Amino acid sequence: MPTVDGDFDYIIVGGGTAGCVLADRLMADGKARVLLLEAGPRANSLWIAMPAGMGRLFVNHRYNWGFMGQPEPTLGGRELYFPQGKVLGGSSAINGMAFVRGQPEDYDGWRDQGAKGWGWGDVLPYFNELEDRARAPGRGHGGRLSVTDPRYVHGSAHAFCAAAHAAGADANPDYNGAKQEGAGLLQFTIRNGRRDSAASAYLSHARKRPNLRVLTGACATGSCSKAAGPWAWRSSKAARQGSCARPAR
Ligand SMILES: Cc1cc2nc3c(=O)[nH]c(=O)nc-3n(C[C@H](O)[C@H](O)[C@H](O)COP(=O)(O)OP(=O)(O)OC[C@H]3O[C@@H](n4cnc5c(N)ncnc54)[C@H](O)[C@@H]3O)c2cc1C
C-alpha cells in the first residue's frame, strides 16, 4: 500500500484530465500543498506517447478501466463497452486526441438555462489561454496544450471533404475558429509527434514544484472523518478485490 507523510491543503482524487489541470491551478500561488491520488500507473508507455497507439489503448486494461454497461433491453440485451483512462492523465492519455471546442450556441444555451459563466463569451478566453496553436488567427498561442493539424492526411479524407463541399457544405479550415459549421480536417492534441495529455501538458509543469505530491497506484476508496485521519486510500493492488477493481465479467 503506498503511503505518504505530510500535511496537505488539498487532496485531489483522480489524476485524470480535470485532476491534472486542477493540480496545476492549485499550485499556481506556490503556497498550497497538494496531494494527487491516481488509481492507475504513470503514463510511461510507448502506446500512450505514440498517437497511433490509441487503438491498442482502447482495449488495454492496464491503462483503461474497460467498463461494461448493463444489458440494454433496447439493444437486444447487448452490453456496451465504455473505455475510461486509468493512468496519470486519465482518459486524455488514451483518447482520440481530437480537439473540438464545441458549438458556441450550445454554451449560450446552457447559460440561458441558468449555467452562469458558461456562455460562449465566458469560456472563450479559457480556450484561448489553454492552447498552443501555431499560425492560426483568433486562436490561442503559448498555452499548455498543443493543438496541431495532422501531419499526414490520407487521400480519402480530402475526398470526403471535397464530396461535402460538392454537396453544399462550406469549406472550413478551422472548425475551432469563428464558426464550427462546414467540412474540414480534425485538429489534434499532439506535440512534436507525441500525444499531449493533461499530464504532459499540465502536470509536468506542476511537478517541478516541491509542494505537489503525486501518488500513483493509489485508489481512494472513501473518506474518513477528520478525527480518524483526513482521507483513506488503498493501492490498486490491495483494492483489486474491492471497489477499485475493474468489474468482473
Ligand atoms: C477512448 C476515448 C476516446 C476519446 N476521444 C476523445 C477525443 O478524441 N477528443 C476529446 O475531446 N475527448 C475524447 N474523449 C473524452 C475525454 O478524454 C474525456 O471526456 C476526459 O478526458 C474526461 O476527463 P475527466 O477528468 O472527467 O476524467 P478522466 O480523464 O477519465 O480522469 C479520471 C481519473 O480518475 C482516476 N480515478 C477514478 N477513480 C479513482 C479513485 N477512486 N481513486 C483514485 N483515482 C481514481 C481514473 O483512473 C482517471 O485517471 C475520449 C474518451 C475516451 C475514453
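The following numbered points comment on a predicted model of a single chain.

1. Confidence. The chain has a mean pLDDT of 89, and 88% of its residues reach 70 or more. Among the elements, strand β8 (residues 194-195) has the highest mean pLDDT, at 98, while strand β11 (residues 231-235) has the lowest, at 49. Across residues 234-242 the pLDDT is below 50, and this stretch nevertheless has 23 contacts in the model beyond near neighbours in sequence.

2. Overall composition. Seven helices and eleven strands make up the secondary structure of the chain. Of its 249 residues, 25% are buried. Taking contacts between residues at least 6 apart in sequence, 54% join residues at least 24 apart.

3. The largest nonpolar core. This core contains 31 residues, and those with the most contacts inside it are Ala23, Val34, Leu36, Ala93, Ala199, Leu203 and Leu212. Two or more residues are given to the core by each of α1 (17-27), β2 (34-38), α7 (198-206), β9 (212-216) and β10 (218-223). Helix α7 provides the largest share, namely six residues. Domain 1 (1-97 + 199-249) and domain 2 (98-188) each contribute at least three residues to this core.

4. Alanine 93. This residue is among those with the most contacts inside the core. Not counting residues up to four places away in sequence, Ala93 touches Ala43, Ile48, Tyr63, Gly85, Val87, Leu88, Ser197 and Ala199. Of these partners, Ala199 is likewise listed among the residues with the most contacts inside the core.

5. The ligand shell. There are 29 residues around the ligand, of which Gly14, Gly16, Gly90, Asn95 and Gly96 come nearest. By class, the shell has 14 nonpolar, 13 polar and two charged residues. At least two shell residues come from each of α1, β2 and β10, and α1 supplies the largest share, with three. The elements α1, β2 and β10 also give two or more residues each to the largest nonpolar core.

6. Positive phi values. Two residues other than glycine deserve attention here: methionine 97, with phi near 65°, and asparagine 192, with phi near 50°. Methionine 97 is located in the loop between β4 (81-82) and α4 (104-112), and it is classed as partly exposed because 18 C-beta neighbours lie inside 10 Å. Asparagine 192 belongs to the loop between β7 and β8; with 7 C-beta neighbours inside 10 Å, Asn192 therefore counts as exposed.

7. Asparagine 176. The loop between α6 and β7 (190-191) holds this residue. Asparagine 176 counts as buried because it has 22 C-beta neighbours inside 10 Å, the cut-off being 20 or more. Beyond its neighbours within four places in sequence, Asn176 is in contact with Phe99, Val100, Arg101, Arg139 and Gln187. For the Arg139 pair, 37 residues apart in sequence, the C-alpha to C-alpha distance is 8.2 Å.

8. Threonine 148. This residue sits in the loop between β6 (145-146) and α6 (155-166). Threonine 148 is partly exposed, since 18 other C-beta atoms lie within 10 Å. Leaving aside neighbours within four places in sequence, its contacts are Gln187, Phe188 and Ile190. The C-alpha atoms of Thr148 and Arg191 are separated by 7.4 Å, although the two residues are 43 apart along the chain. Gln187 is thus named as a contact of both threonine 148 and asparagine 176.

Methods:
Residues numbered from 1 in each chain as written. Predicted model: local features only at pLDDT ≥ 70, side-chain atom pairs only at ≥ 80, totals over all residues. Core = buried A, V, L, I, M, F, W, Y, C linked by C-beta atoms within 7 Å. Buried ≥ 20, exposed ≤ 12 C-beta atoms within 10 Å, placed from the backbone. Helix = DSSP H or I, 4+ residues; strand = E, 2+ residues; numbered from the N terminus. Domains from an automatic or database assignment. Contact = placed C-beta atoms within 7 Å. pLDDT = per-residue confidence, 0-100. Near = placed C-beta within 6 Å. Nonpolar A, V, L, I, M, F, W, Y, C, P; charged D, E, K, R; others polar.
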